[in-house]
Amino acid sequence: MTVASAPGKAILLGEHAVVYGRPAIAVPICDRRAFASATSARRGSGVVLQAVDLGRRYPGDGNCVDDDGRLLQAALRGVLYELGVSGEGLDLEITIRSEIPIARGMGSGAAVSAALMRAVAQHLGAELGAERLSRLVFQTERLLHGTPSGIDNTTVAYEQPIWFVTGQRPEPIRIETGLTLLIGDTSVPARTHEAVDMVRARWQAARGAMEAQFDAIADIVTRARAALATGNLPELGHLMNQNQAILADIGVSSGALNRLIVAAREAGALGAKLSGGGMGGCMIALVRESDRAAVQQALQQAGAAEVITSDVSRGILVMGEHAEQGDEHAR
Ligand code: MEV
């Protein structure tokens, strides 16, 4: 049996504007992961995809009508095609489970695809490097979500804090101090597709004004990178708040998100904002270690269904090496 995993993600700053070519910063949420295992099955049984959390089993081939089944089938098809392996005559039991809240802007779909692809590749004796895996996951994201920027698949596949601009090689971000993030779940599903479509409609109706908003976000994200590099957390928090103000202005925040954001700030968070597509989903708060408990409690009292703590550690991996080694292996 082969077992593989991939982390969730949070966008620190820059969502939505990233779809229009501006930079964004995202971090992996390493202690919330999707897991997949691949085991050889009885001869002639074909490929079965077992989604443990959903209590469902899907055939490996075909076109499922429900989104979860379609995602798993697309991921399987993608990895087999990439490795030049036919699904015909393959007998495999693939089991998937995830600790990442579904439809909360935390990259659950990308993580599930990545874990599944890794497990299947390993089972077939190949290893997918980060760059290759990110490209494959992007294809499944595109199939299901229309016009993703590519930030989710990239963060999940590279598993490190990144500076992301569509079409450019992702850059690992230098983080001088550890970051403590609290992620508050509104329990309202994030309507990312709808939010992205709504922003596009606004952009089509008022291009100049929206471009100016995206430029303002790009400026905030650029200053945040400098704040991360010098460990200036109060400045980072301030920039997160500024980013939230623009996101609210372009219409992707919500009452539930605003309630959690205000509660976190009042309890001492350095900054708080929605994270991901918005219109539901999760918010993130940057906190000092000494304020963690108070902010967590305030989020719970303000109605957060769950509060996830994530410590984004200082430093970076050497991305190039990490990515290329795996790709080399798979050739
Ligand atoms: C989704 O996690 C973030 C958005 O910027 C969409 C995207 O980048 O594809 C809203």
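**A walk around a ligand and its protein**

Visitor: Is Ile11 buried or exposed, and what is its relative accessible area?
Guide: Ile11 counts as buried, because the label goes to residues under 20% relative accessible area, with exposed meaning over 50% and partly exposed in between (1.4 Å probe, protein chains only). This is a predicted model, so local features need pLDDT of at least 70, side-chain atom pairs count only at pLDDT 80 or more, and totals for chains, interfaces and linings use all residues. Residues are numbered from 1 along each chain as its sequence is written, and side-chain values use heavy atoms, with hydrogens and water left out. Back to Ile11: its relative accessible area is 4%.

Visitor: Cool, so which element holds Ile11?
Guide: Elements here are DSSP runs numbered from the N terminus: helices are H or I with at least four residues, and strands are E with at least two. By that scheme, Ile11 belongs to strand 1.

Visitor: What is the distance between the C-alpha atoms of Ile11 and Val137?
Guide: Along the chain, Ile11 and Val137 are 126 residues apart. In space, their C-alpha atoms are separated by 18 Å.

Visitor: Which residues surround the ligand?
Guide: A residue gets in if one of its heavy atoms lies within 4 Å of the ligand. From the start of the chain come Lys9, Ile11, Glu15, His16, Val18 and Val19. The rest of the group is Pro148, Ser149, Ile151, Asp152, Val196 and Gly277.

Visitor: How many residues of that shell are charged?
Guide: Asp, Glu, Lys and Arg count as charged; Ala, Val, Leu, Ile, Met, Phe, Trp, Tyr, Cys and Pro as nonpolar; the others, Gly among them, as polar. The shell around the ligand has six nonpolar and three polar residues. The number of charged ones is three.

Visitor: How far is the polar side-chain atom of Ser149 from an oxygen atom of the ligand?
Guide: Let's go through a few pairs. For Lys9, a side-chain N or O atom is 3.1 Å from a ligand oxygen. For Asp152, a polar side-chain atom lies 3.0 Å from a ligand oxygen. For Ser149, the distance is 2.5 Å.

Visitor: Which elements give two or more residues to the shell around the ligand?
Guide: You've already met one, strand 1, which spans 2–13. Its partner on this list is a helix covering 151–158. So the names are strand 1 and helix 4.

Visitor: How many residues of helix 4 are buried?
Guide: Among the buried ones are Ile151 and Asp152, and both also surround the ligand. Asn153, Thr154, Thr155, Val156, Ala157 and Tyr158 are buried as well. Helix 4 is mostly covered, and its buried count is eight of eight.

Visitor: What about the backbone: which phi does Glu159 take?
Guide: Most residues other than glycine have a negative phi. Glu159, just after helix 4, goes positive. Its phi is about 55 degrees.

Visitor: And what is the phi of His16?
Guide: His16 sits in the loop between strand 1 and strand 2 (24–40). At 5% relative accessibility, this loop residue is buried. Although His16 is not a glycine, its phi is positive, at about 70 degrees.

Visitor: Where is Ala103, and what is its relative accessible area?
Guide: Ala103 is in the loop between strand 5 (92–98) and helix 2 (108–123). Its phi is positive too, near 55 degrees. Ala103 is partly exposed, with a relative accessible area of 36%.

Visitor: Which side chains make polar contacts with Thr180?
Guide: A polar contact is a pair of N or O atoms within 3.5 Å; within protein, one must be able to donate a hydrogen and the other to accept it, and residues adjacent in sequence count only if both atoms are side-chain atoms. Thr180 is in strand 8 (residues 179–185) and is buried at 9%. One contact is 3.5 Å and the other 3.2 Å. The partners, in that order, are Glu289 and Asp311.

Visitor: How far apart in space are Asp53 and Arg97?
Guide: Asp53 lies in the loop between strand 3 (47–51) and strand 4 (56–59), and at 49% it counts as partly exposed. In sequence, Asp53 and Arg97 are 44 residues apart. From C-alpha to C-alpha, the distance is 5.8 Å.
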